[in-house]
Each structure stands twice: as structure tokens, then as C-alpha cells.
Amino acid sequence: MTESGAQLFARLEARRCLEDIETRLFPGDGGPEHGEVVELYGSEGTGKTELLYHLLSRCVLPLGAGGLEVDVVFVDTDYSLDMLRLVSILDSRLNAARSFSSSGSDEEVLGSCLSRLLVVHCSSSSQLLLTLHFLETTLSSRPGIALLLIDSISAFYWLDRSEGGTSISKQEEKLSKCAELLGRLLRDYRITVFATCHAIRRNYSGPSSFSSSSSSSSDIDRPYLCRPWKRLVTHRLLCSRQETTNMAAPAAGSSEQKSQQVFTVHCTSSSSSKTKSYRSSSFCVTDSGVEFI
């Protein structure tokens, strides 16, 4: 593949590092560095998508509003991106930034935030692979892109298993190619990748699978994705949820209690430049997005 001078410049130009994208999530010195991958893993309803909206908003918001002001590519494989929800979060955070000054109107500032977001929909592993191939052209023409979001990387797991038959290599072939291509993009363009991963249940054969004490729900629900993908992941965010009760009554003389959904994120970081480290944090979801507790 030949490379123009503009493409070479875009590839070698230092992109925005996202190490400080959310200091309350990652342990040690900060979050992901150039060319690293963060996997958000958990079962349905554990706050993964809301957390993704939080990180996305943090990237596209202007510096004056507490954002990083970088471009983002959002690959939506689940067709679940709620633009109204994202716009609502952005609007709330822009309004909350009282010190943010701009000569433009609120609509112009919000439009500027959304202009930093490129959304791509994929309905199969083959489309995802083609998207990643064409992404190289996008990275060359838009050096401001610092983050690639994939929601979710495991969307086609069962479809690929069905098409692959009894051959494990055939089942994992497309995702392996996607992971290998992602690895090259990470190396050549120094972007950061965030990807959600569904909890995948796998049945165990043999009587010991049901009698053994080691067959816990965490063993059953761990992701079974291909090894090339697992080798890319440097940070893993395990999302879970719990119910807590706010003991404060909503009105004087009322015995009612207000329940609040609380989500927990356990982060494991094992990038090449850092020793393995851990951190746990909690958050709740409000109308204005994620709020850490």
C-alpha cells in the first residue's frame, strides 16, 4: 500500500493522549496511553452504555467545559446508540459549565461537539472488518481522531459461532482478523480503543461442571473471545450493579424510602508500561449522565 505525504504526516503526528479521560476509573498514574485498549465488560443492565456515553461526552466537549476536545469514531454494532440521550448529557454538562464562555450560541456549541463524532453502524463481523479497513483513510484525513468506541465487540459472537460450524478457528476467524487489523491501527496511528463486551454464557459438559464449587457465575459469564483480541486489551472494566436505599424520606412525616441504582466498576490495568494494578469505583445514573459516588 502506497502512502502519501499527508497520510504519513497524519500517522506520525502525536495524537491526544487519553490518559486523563476519567481519573476516577483507572488506577495508578491514569488511564490508557497511546495505542491501548479498554474493555468494558458486564452483563446486561450494568451501566456499560451509560459509562460509554460519559467517556464519549468527556472527549467531544470543549476544553472550557471540562472536555478533551478530540474527535471520536463510534462503531455501533448493536444499533443501540441513543442520540437523544447523548445530546441531553452534552447539553446538561454545557449548562453546568458556568465559567465556559463562547461567542457562539448554545446550539452552535452543541453542534460543534457533535461534529467531533463520527458514527458507523455494522450488522455483521464482515461489515466490522470492512469498517476497520476503511477507517485507516479516515484516520489519515482526520488527525484529530483520538478515540475509537465499539459497542459492542462481542455483538456477532453467536452468529460467527453458528456460521463457523464445529471449527473453532472458523468461528473466530472474522473477529481474529478484526483484532489483528485493530492492532495495526493502534500501532500506526496511536489511537485509543474503548469496546464493550457482553457477558457470554457457555455450557460446560460433564457432571463436574455442576458439582464443582469453582463453577461460579463469574466463571460462566466471562467473555470467550478470540486470543488476538484478548492480547490487545490493556485495561478491563468489570461492570456490575447493586441496589442501595436512601434512608432520607422525601417529605416530612413520610415513611417512604427512595431507592437508587448504584453501579460498580472494577478496573484491572496491565499495560506494558505499568505493573498490574486495580481500582474500584461506584456511580449512579442521572438525567445529566454518570455521577461518581
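In this predicted model, Val-73 stands opposite Leu-148, a residue of strand β4. Strand β4 covers residues 145-151, and its pairing with β2 is parallel, with six bridges. On β2 there is a further pairing: strand β3 (residues 117-121) runs parallel to β2 and is joined to it by five bridges. Within that pairing, Val-72 has Leu-117 of β3 as its bridge partner.

Strand β2 itself spans residues 71-76 and is mostly covered, six of its six residues being buried. Its side chains point in two directions: Asp-71, Val-73 and Val-75 point one way, whereas Val-72, Phe-74 and Asp-76 point the other way, and all are buried. The two pairings of β2 are set out below.

| Strand paired with β2 | Sense | Bridges | Residues opposite each other |
|---|---|---|---|
| β4 (residues 145-151) | parallel | six | Val-73 and Leu-148 |
| β3 (residues 117-121) | parallel | five | Val-72 and Leu-117 |

Two individual residues outside β2 illustrate burial in other elements. Leu-40 is found in strand β1, which comprises residues 37-42. Its relative accessible area is 0%, so Leu-40 is buried. Residues up to four places away in sequence aside, Leu-40 touches Lys-48, Leu-51, Leu-52, Phe-194, Ala-195, Thr-196, Cys-197 and Leu-237. Of these contacts, Leu-52 lies twelve residues from Leu-40 in sequence, and the C-alpha to C-alpha separation of Leu-40 and Leu-52 is 8.5 Å.

Arg-85 belongs to helix α3 (residues 83-96). This arginine counts as buried because its relative accessibility is 16%, and the cut-off for burial is under 20%. When neighbours within four places in sequence are left aside, Arg-85 is in contact with Glu-50 and Tyr-53, and also with Val-285, Thr-286, Asp-287 and Gly-289.

The remaining topic is a pair of helices. Two packed helices are described by the angle between their axes and by the distance between those axes. For helix α6 (residues 157-164) and helix α7 (residues 168-189), the axes come within 7 Å and cross at roughly 135 degrees. The two helices α6 and α7 are therefore oblique to each other, and their crossing is right-handed. On the α6 side the contact is made by Asp-160, Arg-161, Glu-163 and Gly-164, and on the α7 side by Lys-170, Gln-171 and Lys-174. Classified by residue type, the contact of α6 with α7 contains five charged and two polar residues, and no nonpolar ones.

Definitions and conventions. Residues numbered from 1 in each chain as written. Predicted model: local features only at pLDDT ≥ 70, side-chain atom pairs only at ≥ 80, totals over all residues. Heavy atoms only, no water. Axes fitted to C-alpha atoms, helices over the stretch in contact; angles between N-to-C directions. Helix = DSSP H or I, 4+ residues; strand = E, 2+ residues; numbered from the N terminus. Parallel < 35°, antiparallel > 145°, perpendicular 65-115°, else oblique. Left-handed = near helix turned anticlockwise from the far one by under 90°. Contact = heavy atoms within 4.5 Å. Nonpolar A, V, L, I, M, F, W, Y, C, P; charged D, E, K, R; others polar. Buried < 20%, exposed > 50% of the residue type's maximum accessible area, 1.4 Å probe, protein only. Pairing = 2+ DSSP bridges.
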